[in-house]
Amino acid sequence: MHMRKFVLAALAVLSLGAAASAQSYPSRPITIIVPFAAGGPSDAMARILAERMKTVLGEAVLVENVTGAGGSVGVGRAVRSPPDGYTISFGHLGTHVANGAVYKLGYDLVTDLEPVALLPSNPMIIVSKNAVPAKTLTEFVSWLKAQPSPPTAGTAGAGSGSHIAGLYFEKITGAKLQYVPYRGTGPAMNDLVAGQIDLIVDQTSNSIQQVRAGNIRAYAITDSKRVDSAADIPTVDEVGLPGFHMTLWSGMWVPKDTPKDIVARLNAATNDALNDPAVRKQLENLGLQMPPRDKLTPDALGAQQKAEIAKWWPMIKAANVKVD
Ligand code: MLT
């Protein structure tokens, strides 16, 4: 066969294959890789969504916790998976933005992944163990500064959401913290409740139930307005730290070269899950906010990720983070 004809024929076969794979997709279980420990906020959101996506897609949607190095171990696993829509990378501002400024990653966060869908976001919340003698945020910051050695702040590892929030908190208050890395803020929360560490600048969705139960103390949430499902907790603006605003958004990605119609299928299934009243109720009860209507496309997540890289990398690089 003439070379040009051969190439065209080969291309036609390849595109037919891709079309066929998208039409029959999914035909086996899909795995969402959550890069943090079970029982934490990423795990909780992924499991709530997976339950509904399973019904929409007609196949099992499993959650696998692949932890370590601020979530970069799990993201790396997803990046190296076949681009066939059967492996999804779940992550957030930490894993898919901050990690790139902290680690020498073996992958590029933007070019090695295809964005699928923006997921709910939540502000951070400043919480301490109950034994800390402060009652207000101002008292808490004074207490932090008065300690002979830096108080211990639990994080989900260098470059995670809780770590970046801690760095930002140090910068804005002048307090010094000693970070204690965990494989997720689920296990960090267990140690906070037990009084083994002093504080976490945590995702509201992870802390809210322990605050409600009186097991830890909340000082403020990092937003300009209160969270509906925790309306008694003041904002940072109300209690002396105006402008310490940070919203942690999550998202889902697939390996680059995943066929566009499979990406579209997953995007539709995710948005369907987010629209389900029972799912919404569960997420909103955790203090999570739905993505705005104009940000439901894969491109909107891509744009958000790039804008956040431009915003956060300079601060994180200036903090000269040591990788544990
Ligand atoms: C987790 O699920 O453990 C969190 O998303 C970790 C974090 O980034 O703070």
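Q: Where does A69 sit, between which two elements?
A: In this predicted model, A69 belongs to the loop that runs between β2 (61–65) and α3 (72–79).

Q: What makes the phi of A69 stand out?
A: Its sign. Most residues other than glycine have a negative phi. A69 is not a glycine, yet its phi is positive, at about 50°.

Q: Why is the bond between Y25 and P26 worth a look?
A: Most peptide bonds are trans. The one joining Y25 and P26 is cis, with omega at about -5°. As for its place in the chain, P26 is in the loop between α1 (3–23) and β1 (30–34).

Q: How many cavities of 30 Å³ or more turn up in a search of the whole structure?
A: Just one. The largest cavity comes out at about 80 Å³, and a cavity is a space where a 1.4 Å probe fits but cannot get out.

Q: Which residues lie nearest the centre of the largest cavity?
A: Those are F36, H92, A156, T185 and Q203, out of 15 lining residues. Among the helices, α2 (41–57), α6 (161–173) and α7 (185–193) each give at least two residues to that lining.

Q: What makes the lining of the largest cavity a shared job between domains?
A: Domain 1 (29–121 + 248–318) and domain 2 (123–230) each contribute at least three residues to it.

Q: How do the lining residues of the largest cavity divide into nonpolar, polar and charged?
A: Ten are polar, five are nonpolar and none is charged. Gly counts as polar in this split.

Q: Which residues are around the ligand?
A: The list is F36, P41, S42, H92, A156, S160, G161, S162, G184, T185 and Q203. To get on it, a residue needs a heavy atom within 4 Å of the ligand.

Q: What makes the approach of G161 to the ligand a polar contact?
A: A polar contact is a pair of N or O atoms within 3.5 Å. A polar backbone atom of G161 is 2.7 Å from an oxygen atom of the ligand, so the pair passes that cut-off. T185 also offers a polar backbone atom, 2.8 Å from a ligand oxygen. With Q203 the side chain does the work: one of its N or O atoms is 2.9 Å from an oxygen atom of the ligand.

Q: How much of the ligand's exposed area does the protein bury?
A: 100% of it; taken alone, the ligand exposes 270 Å².

Key
Residues numbered from 1 in each chain as written. Predicted model: local features only at pLDDT ≥ 70, side-chain atom pairs only at ≥ 80, totals over all residues. Heavy atoms only, no water. 1 Å grid on protein atoms, 1.4 Å probe; cavity = no way out; pocket = protein on both sides within 12 Å on 5 of 7 lines; lining within 4 Å. Points joined across faces, edges and corners; volume = space filled by probe spheres on them. Helix = DSSP H or I, 4+ residues; strand = E, 2+ residues; numbered from the N terminus. Domains from an automatic or database assignment. Polar contact = N/O pair within 3.5 Å; in protein donor to acceptor, adjacent residues only side chain to side chain. Areas by Shrake-Rupley, 256 points an atom, 1.4 Å probe, with all protein chains shown as cover.
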